[in-house]
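User: I'm new to this structure and would like to learn how its labels are earned. Could you show it to me and take my questions?

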Amino acid sequence: MSSFEQMRANVGELLRGIDRYNPENLATLERYVETQAKENAYDLEANLAVLKLYQFNPAYFQTAVTSQILLKALTNLPHTDFTLCKCMIDQTHQEERPIRQILYLGNLLETCHFQSFWTNLEENRELIDGITGFEDSVRKYTQVKVWMNKHGWAENEEGQIFIFNQDESIKPKNIVEKIDFESVSSIMATSQ
């Protein structure tokens with residue numbers, strides 16, 4: 001078992017009981033967030049537990065860890081993880097510089113302003129330092145969204161993709177069959 005898998009198992013144990021809300025476990029959970037960033041892994045439940053502990057214990061709030069959690073949530077688009085994480089951060093902390101910038105980048109992605117997203121990301125490269133696989137994950141999301149917009153497709157709440165106008169995608173095809181009388185006569189004889 002790799003060190004990350006071992007850490008994931010340990011954190012899973014922490015999150016099962018009342019220890020989930022124990023601020024003494026915050027250091028372990030914060031290290032786990034940093035490990036997720038380095039190992040290109042993702043654990044929403046653990047990340048939400050960190051944000052919940054920050055809500056209960058505002059004195060322990062760490063801007064850098066919260067930024068990593070938000071960036072990891074962006075790598076999981078189109079799922080709603082980013083919105084869920086954002087809602088767990090109080091307004092005062094949302095206005096802090098790195099968090100405000102990440103929220104802006106998230107808004108650009110969610111509203112499909114991809115050119116602006118990549119331009120802003122390039123201007124703020126330091127935001128994604130240490131987040132392995134960030135650009136690749138976002139690139140996959142943007143490619144799917146561009147394809148969907150180009151072809152008029154939409155995604156519903158369950159993650160199913162529907163084509164808006166199927167009439168445009170249906171292509172009629174003429175089928176011509178050549179049947180000789182001998183092959184049909186035997187079928188007609190048995191039906192009488």
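Analyst: Happy to help; here is how some labels follow from computed values. This is a predicted model, where local features need pLDDT of at least 70 and side-chain atom pairs count only at pLDDT 80 or more, while totals for chains, interfaces and linings use all residues. Residues are numbered from 1 along each chain as its sequence is written, and side-chain values use heavy atoms, leaving out hydrogens and water.

User: Why is the pair of Phe114 and Tyr141 called edge-to-face?

Analyst: Rings of Phe, Tyr and Trp (its six-membered ring) pair if their centres lie within 6.5 Å, and planes under 30 degrees apart count as stacked, over 60 as edge-to-face and the rest as tilted. Here the centres are 6.3 Å apart and the planes stand at 90°, so the pair is edge-to-face. Phe114 sits in helix α8 and Tyr141 in helix α9, 27 residues apart.

User: What makes Phe114 count as buried or exposed?

Analyst: Buried means under 20% relative accessible area, exposed over 50%, and partly exposed in between (1.4 Å probe, protein chains only). Phe114 has 11% relative accessibility, so Phe114 counts as buried. Tyr141, at 8%, therefore counts as buried too.

User: Which residues does Val50 touch?

Analyst: Taking contact as heavy atoms within 4.5 Å, Val50 touches Leu26, Leu29, Val33, Val65 and Ile69, leaving aside residues up to four places away in sequence.

Definitions and conventions:
Helices (H or I, at least four residues) and strands (E, at least two) are DSSP runs, numbered from the N terminus.
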